[in-house]
Each structure stands twice: as C-alpha cells, then as structure tokens.
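Q: Please take a close look at one helix of this structure and at what surrounds it. I am new to this structure and would welcome a connected account.

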Amino acid sequence: FGIEGDDAKTAGQQFIDNLQLHSHVANVGDCKSLAIHPASTTHSQLNAEEQAAAGVKPELIRLSVGIESIDDIISDLDQALGKVE
C-alpha cells in the first residue's frame, strides 16, 4: 500500500519509524509482522527514475503480516498512520 502526502518518501519513512510491533527489516518472510519502505532501503541506491522503472513508488510500503494478534497488528498500523504528517 502507499502513504499519501506532499512528500510521499518522507511520509513512508515516518510511518515505518513509528511502527512498534512490526519489525523494520529488508527480508520479508518471517512469522513476525514485518514492514519495509523500499524507496529508502532496498532500492535507495537507485535514482527516482530507476525506482519508478522498477515499480518502486516513493509512497510504497511493503508488509508481511505475521502470527501476532490481528487486533495488535491493526492497532500498530493505525497508530503509525496517525503519526504521519
């Protein structure tokens, strides 16, 4: 999904920084809930045109939902979204 805003890349980074339950890691594929902002991590070496060609938009957030309580997962996502300026 994507985080909208005047500066989508910064908004995506703010969202990730405010997650409490989700781990911020580059390797999605664990039993824990994970989140990553590809534009500022795995694809940060690419310029904006190269990122766009790779399908990485500045607002893109990648989630892998784990085995935690769904209420805890939703709560964490909700509180992090609420802190994005």
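A: **Helix H3 and its surroundings**

At 1.5 Å a residue, the 13 residues of H3 should span 18 Å, and the end C-alpha atoms of H3 are 18 Å apart, which agrees. The model described here is a predicted one.

The two sides of the helix may be taken in turn. Ile73, Asp76, Leu77 and Ala80 are the buried residues of H3. These residues cover an arc of only 95° around the axis, which puts them on the same side of H3. The face turned away from that buried side carries Asp71, Asp78 and Gly82, which are exposed. Among the elements that cover the buried residues of H3 are H1 and E3.

The next subject is the core. In soluble globular proteins, nonpolar side chains tend to be buried together. Here the largest nonpolar core has 11 residues, namely Ile3, Ala11, Phe15, Ile16, Leu19, Ala35, Ile61, Ile73, Leu77, Ala80 and Val84. Helix H1 (8–18) and helix H3 (70–82) are the elements that give two or more residues to this core. Val84, also a member of the core, is in contact with Ile3, Ala11, Gln14 and Phe15, leaving aside its neighbours within four places in sequence.

E3, the strand that helps to cover the buried residues of H3, belongs to a sheet. This is an open sheet of 3 strands in the order E1-E2-E3, with mixed pairing. Strand E1 (23–24) and E3 stand at its edges, and each has a single partner strand, so one side of each is left without a neighbour in the sheet. Strand E2 (residues 34–36) is joined to E3 by 3 bridges, and the two run antiparallel. Within this pair, Ala35 stands opposite Leu63 in E3.

Leu63 brings the strand and the helix together. This residue lies in strand E3 (residues 62–64) and is partly exposed, with a relative accessible area of 30%. Because buried means under 20% relative accessible area, Leu63 does not count as buried at 30%. Residues up to four places away in sequence not being counted, Leu63 touches Phe1, His22, Leu34, Ala35 and Leu77. Of these, Leu77 is one of the buried residues of H3, and Ala35 and Leu77 both appear in the largest nonpolar core. Leu63 and Ser23 are 40 residues apart in sequence, while their C-alpha atoms are 9.9 Å apart in space.

Key: Residues are numbered from 1 along each chain as its sequence is written. This is a predicted model: local features need pLDDT of at least 70, side-chain atom pairs count only at pLDDT 80 or more; totals for chains, interfaces and linings use all residues. Side-chain values use heavy atoms; hydrogens and water are left out. Helices (H or I, at least four residues) and strands (E, at least two) are DSSP runs, numbered from the N terminus. Buried means under 20% relative accessible area, exposed over 50%, partly exposed in between (1.4 Å probe, protein chains only). Contact means heavy atoms within 4.5 Å. A nonpolar core is a set of buried Ala, Val, Leu, Ile, Met, Phe, Trp, Tyr and Cys residues joined through side-chain atoms within 4.5 Å. The expected span of a helix is 1.5 Å times one less than its number of residues. The arc is that of the directions from the helix axis to the C-beta atoms. Two strands pair if DSSP finds at least two bridges between them.
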